[in-house]
4 protein chains.
Amino acid sequence: MTEPTSTNEIKLAELVAQGMLAQDAMSRSLGISIVEVRPGYARLKMTVRADMSNSHSICHGGAIFTLADSAFAFACNSYNRSTVASGGSIDFVSPARIGDELTAEATERALPGRLGLYDVAVTDQSGRPIAFFRGRSYRVTGETVAGAGNPQ
Amino acid sequence: MTEPTSTNEIKLAELVAQGMLAQDAMSRSLGISIVEVRPGYARLKMTVRADMSNSHSICHGGAIFTLADSAFAFACNSYNRSTVASGGSIDFVSPARIGDELTAEATERALPGRLGLYDVAVTDQSGRPIAFFRGRSYRVTGETVAGAGNPQ
Amino acid sequence: MTEPTSTNEIKLAELVAQGMLAQDAMSRSLGISIVEVRPGYARLKMTVRADMSNSHSICHGGAIFTLADSAFAFACNSYNRSTVASGGSIDFVSPARIGDELTAEATERALPGRLGLYDVAVTDQSGRPIAFFRGRSYRVTGETVAGAGNPQ
Amino acid sequence: MTEPTSTNEIKLAELVAQGMLAQDAMSRSLGISIVEVRPGYARLKMTVRADMSNSHSICHGGAIFTLADSAFAFACNSYNRSTVASGGSIDFVSPARIGDELTAEATERALPGRLGLYDVAVTDQSGRPIAFFRGRSYRVTGETVAGAGNPQ
């Protein structure tokens with residue numbers, strides 16, 4: 001049913017993600033980097049630093065949320081159609097510790113009209129689940145990265 | 001129905017919040033400060049800095065979530081009973097811009113057993129709503145700030 | 001800042017809610033009735049019947065959700081602009097028992113563009129909180145109840 | 001890492017689900033039936049009836065939530081350790097129509113301590129996604145179905 005993803009679509013998704021990260025001061029200040037992007041999908045990485053800990057000496061939920069939220073943003077903008085987050089929910093299932101290398105993997109669940117639903121799983125270097133995020137997006141007008149192109 | 005809050009309970013809540021913030025590297029790195037705390041309640045402030053922006057040049061949802069999550073954490077630990085976040089959801093209703101001074105006000109909704117439910121409203125300097133957060137907490141054993149005391 | 005609500009706006013909200021309930025077989029089968037509606041607001045009632053209980057012999061979460069969801073639907077359609085639910089979350093804080101008379105009070109939190117955010121508090125006959133619901137709406141084209149009018 | 005599921009564990013999950021459904025008046029009044037259960041998993045079915053429609057003449061969100069919530073309840077009680085729902089969120093991605101045969105498939109995501117996180121996907125007879133539900137559970141003391149046994 002689903003058309004195979006073309007090389008051009010993957011290249012566009014990569015171009016958009018790189019353009020977004022270059023402008024995303026918050027993600028860069030947390031050391032977030034791109035592992036893989038394709039249409040409707042993004043995988044990002046972040047190493048938990050001492051300045052991301054909370055009063056329990058574990059990674060602050062806000063840092064984990066930021067990683068998941070950025071993966072969600074890169075996934076839902078992967079078609080280069082400007083899309084914003086209307087919200088998200090996160091469930092923390094295991095603490096992340098300083099030095100842990102976290103991966104956030106965002107997957108598209110549905111695109112009803114201008115809305116979108118994405119799931120993001122955050123795991124540590126051993127594959128252990130740290131958090132489950134679900135993001136809700138809203139497509140606005142325009143391109144995410146001007147001039148990068150559009151698959152249709 | 002509700003007992004009036006005693007001065008001792010407010011002092012304990014303040015002591016706990018100050019102790020938590022002193023150990024909370026993430027909140028301090030974002031310049032988050034305490035405005036007011038009392039039992040089941042916390043109000044925090046954060047000025048949106050350039051290094052908190054996302055690729056749309058507005059405040060990253062992760063920075064707003066972190067502010068709300070910290071207000072939630074201070075509110076649900078205000079009795080000095082160690083309590084962790086099991087999760088939260090956030091809805092973004094208006095963008096926050098660089099230079100905006102955000103306030104997060106956390107209010108307790110319910111404390112069924114070891115669980116807790118808190119609402120946090122994030123507003124800007126003009127009182128405009130920026131985001132609505134709802135946090136879910138889980139009380140573990142022990143004190144949040146060892147030796148600070150316990151109202152009962 | 002907010003314009004006072006006119007009598008016409010309240011009448012329109014009532015007309016729409018009555019028109020919706022007349023067509024809403026699920027709400028009627030649960031015995032849900034309208035207590036009060038006005039722009040951005042709805043209050044509904046439902047008595048917990050034996051056929052709404054779950055295996056723990058308390059009111060099924062689905063019945064409580066249905067009551068809250070209908071209050072949300074009536075509130076977000078109160079301007080007679082056709083609006084659908086894109087989703088909602090609910091937190092159960094106290095069990096409801098057979099015979100309890102539940103009230104769901106829906107309040108508008110924000111209307112960013114075509115999206116909307118509504119909070120619904122469900123309480124029992126003694127005012128005790130049973131559940132907190134947060135609904136997300138999306139405005140489509142057309143009127144909710146054709147010909148009922150539109151305030152602007 | 002995960003032990004293979006034993007026949008006894010599956011039989012216990014089935015016994016518990018059948019015992020729960022026998023007592024669950026709300027699920028039975030909506031015609032919900034069990035397709036498959038095993039540890040941490042449940043799949044239920046429901047045909048959308050005319051008395052489940054809302055004012056838009058599509059299936060009421062409350063009926064879809066009830067189906068998902070029951071699948072979640074059967075999955076999180078599948079070990080016969082009494083577990084209640086503390087809450088859940090649902091995102092509706094496509095309308096369900098009268099006559100549609102819906103399936104809700106509940107899968108365990110995490111069991112941190114007494115808490116649990118479950119995802120439920122609701123699809124129609126053609127496999128089209130209708131809604132995505134995420135449930136949060138809390139384990140209390142005792143067995144779900146007294147005397148049915150316990151795997152450990």
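**A sheet shared by two chains**

Visitor: How many strands does the open sheet have?
Guide: This is a predicted model. The sheet is open, and its pairing is antiparallel. The order starts at S1(A), reaches S3(A)-S3(B), and ends at S1(B). The count is 12 strands.

Visitor: Which strands are the edge strands?
Guide: Look for strands that pair on one side only. Neighbouring strands in this sheet are turned by 20 degrees against each other on average, direction ignored. The edge strands are S1 (33-38) of chain A and S1 (33-38) of chain B.

Visitor: How many bridges join strand S3 of chain A to strand S3 of chain B?
Guide: Both strands cover residues 83-92, and they run antiparallel. Gly88(A) stands opposite Ile90(B). The number of bridges is 5.

Visitor: Which residue is the bridge partner of Ser89(A)?
Guide: Look across to S3(B) for the partner. The partner there is Ser89(B).

Visitor: What supplies the largest share of the side of chain B that touches chain A?
Guide: The contact takes 29 residues from chain B and 29 residues from chain A. On chain B, helices H1 (7-23), H2 (25-29) and H3 (61-76) and strand S3 each supply at least two residues. The largest share is 9 residues, and it comes from S3(B).

Visitor: How many residues on that side of chain B are charged?
Guide: Sort the residues by class. There are 11 nonpolar and 14 polar residues. The charged residues number 4.

Visitor: At what angle does helix H1 of chain A run to S1(A)?
Guide: Helix H1 spans residues 7-23. This helix lies across S1 and strand S2 (41-47) of chain A. Its angle to S1(A) is about 150 degrees.

Key:
Residues numbered from 1 in each chain as written. Chains lettered and ligands numbered in written order. Predicted model: local features only at pLDDT ≥ 70, side-chain atom pairs only at ≥ 80, totals over all residues. Pairing = 2+ DSSP bridges. Helix = DSSP H or I, 4+ residues; strand = E, 2+ residues; numbered from the N terminus. Axes fitted to C-alpha atoms, helices over the stretch in contact; angles between N-to-C directions. Contact = placed C-beta atoms within 7 Å. Nonpolar A, V, L, I, M, F, W, Y, C, P; charged D, E, K, R; others polar.
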